[in-house]
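Student: I have a protein model open in front of me, and I would like to learn how to read it feature by feature. Could you guide me through it?

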Amino acid sequence: LVLGAQSASPTSLVRERVATYVQRFVDDLTNVVAEERYVQEFRLAADRRRLRSDFLLVKYPGEEHRYQTFRDVLEVDGRALRDQQTRIAQLFLEPFASAIKRAGEIEVASVRQSLRRGRLVDPLQAISCLQAFYQPEFEFSVAPAARGAGADVIELTFTQRTPSGLSQIPLRGKALLMEQTGRVIRTVLTAGSGANVRVTTTEFGFNAALRIDVPVRMRDEIPVSGVDAFIG
């Protein structure tokens, strides 16, 4: 497979590089409490909601491939929710099993703050598909990135063979990567098909304060009627 005039990189090598990068990305982001600002709206309707949340990634002890992300909504349309400010910090003081259970409860409570017919999504779901543990569930192909993407940038396409523990809704997507390092620049994840298709695009960048790569922007879009669409 020829990717450019100067290089030829087999798909298996690209998969190995991105898996190594993704593991480091997850390790670096683990237990970092980030502030997330999430805007929900409908393309043709006036409904709009602004959420400010704490966003956290936690790994399962002894299971390098398993991690959980969750958000704790602190503010809705500029209005602070009561008793939210210390919940994330308290999780770090609890045993892991009870902390994960409590985190799930917080996530459920946060989803209730979403607009009706809207949703809150994980900006890192596509990253899971690129982990070494889950790669066997997918078919991969590599191609040159679109013109203007930058030097050493390639496109890795992935398609889930069958629904699994990772997702019961078939997933497919693509990731823009740095060919030599596997560093992820952008992911586009498509779930479902036809009228039920959902597309989530996440862009990644370097955070100078933390000195690690982080998700910096996400756009999520789903059809909700014959002409309208929900955007997050």
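Tutor: We will go from the whole chain to single residues and then to the pockets.

Student: Before I look at any detail, what does the pLDDT say about the protein as a whole, and over which residues is it below 50?

Tutor: This is a predicted model, and the protein averages a pLDDT of 86, with 88% of the residues scoring at least 70. Over residues 1–8, however, the pLDDT is below 50, although this stretch has twelve contacts in the model beyond near neighbours in sequence. Where pLDDT is low, the predicted coordinates should not be read in detail.

Student: How many helices and strands does the protein have, and what share of its residues counts as buried?

Tutor: The protein has four helices and eleven strands, and of its 232 residues 44% count as buried. It also helps to ask how far apart along the chain the touching residues are: among contacts with a separation of 6 or more, 50% are between residues 24 or more positions apart.

Student: Let me try one residue, then. Where is Asp213 placed, and is Asp213 buried or exposed?

Tutor: Asp213 belongs to strand 10, which covers residues 212–223. Its relative accessible area is 12%, and because buried means under 20%, Asp213 counts as buried.

Student: Which side chains make polar contacts with the side chain of Asp213?

Tutor: There are two to look for on your screen: the side chain of Tyr21, joined to that of Asp213 by a polar contact of 2.6 Å, and the side chain of Arg183, with a polar contact of 2.9 Å. Leaving aside residues up to four places away in sequence, Asp213 touches Tyr21 and Arg183, and also Phe25, Gly205 and Phe206.

Student: How would the same reading go for Thr200, and which side chain is joined to that of Thr200 by a polar contact?

Tutor: Begin again with the place, which for Thr200 is strand 9, residues 198–207. Thr200 has a relative accessible area of 10%, so it is buried. A polar contact of 2.6 Å joins its side chain to that of Asp220. Beyond residues up to four places away in sequence, the residues that Thr200 touches include Arg119, Val121, Thr187, Met218 and Asp220.

Student: And what about a loop residue such as Asn196: is Asn196 buried or exposed?

Tutor: Asn196, which lies in the loop between strand 8 (184–191) and strand 9, has a relative accessible area of 59%, so it counts as exposed. Its C-alpha atom is separated by 8.5 Å from that of Val224, a residue 28 positions away along the chain.

Student: What can the backbone angle phi tell me about Arg117 and Arg211?

Tutor: Most residues other than glycine have a negative phi, and most peptide bonds are trans. Arg117 has a positive phi of about 75 degrees although it is not a glycine, and Arg211, also not a glycine, has a positive phi of about 60 degrees. Arg117 lies in the loop between helix 3 (96–111) and helix 4, and its relative accessibility of 40% makes it partly exposed. Arg211 is in the loop between strand 9 and strand 10, where its relative accessible area of 65% makes it exposed.

Student: How does one find pockets, and how much space lies in the largest pocket?

Tutor: Rolling a probe the size of a water molecule over the atoms shows where empty space is left. In this model, the largest pocket holds about 630 Å³ of space. It is lined by 31 residues, and those nearest its centre are Thr69, Asp122, Gln125, Ser128 and Leu166. Strand 3 provides the largest share of this lining, with six residues, and by class the lining has 14 nonpolar, eleven polar and six charged residues.

Student: What is the volume of the second largest pocket, and which strand gives the most to its lining?

Tutor: The second largest pocket has a volume of about 500 Å³, and of the 23 residues that line it, Glu36, Arg37, Pro215, Val216 and Arg217 are the closest to its centre. Strand 1 gives the most to this lining, with seven residues, while strand 2 and strand 10 each supply at least two. The lining of the second largest pocket divides into 16 nonpolar, two polar and five charged residues.

Methods: Residues are numbered from 1 along each chain as its sequence is written. This is a predicted model: local features need pLDDT of at least 70, side-chain atom pairs count only at pLDDT 80 or more; totals for chains, interfaces and linings use all residues. Side-chain values use heavy atoms; hydrogens and water are left out. Buried means under 20% relative accessible area, exposed over 50%, partly exposed in between (1.4 Å probe, protein chains only). A polar contact is a pair of N or O atoms within 3.5 Å; within protein, one must be able to donate a hydrogen and the other to accept it, and residues adjacent in sequence count only if both atoms are side-chain atoms. Contact means heavy atoms within 4.5 Å. On a 1 Å grid over the protein atoms alone, a cavity is a set of points where a 1.4 Å probe fits but cannot get out, and a pocket is an open set with protein on both sides within 12 Å along at least five of seven lines; lining residues have an atom within 4 Å of a point. Grid points are joined across faces, edges and corners, and a volume is the space filled by probe spheres set on the points. Ala, Val, Leu, Ile, Met, Phe, Trp, Tyr, Cys and Pro count as nonpolar, Asp, Glu, Lys and Arg as charged, and the others, Gly among them, as polar. pLDDT is the predictor's confidence in each residue, from 0 to 100.
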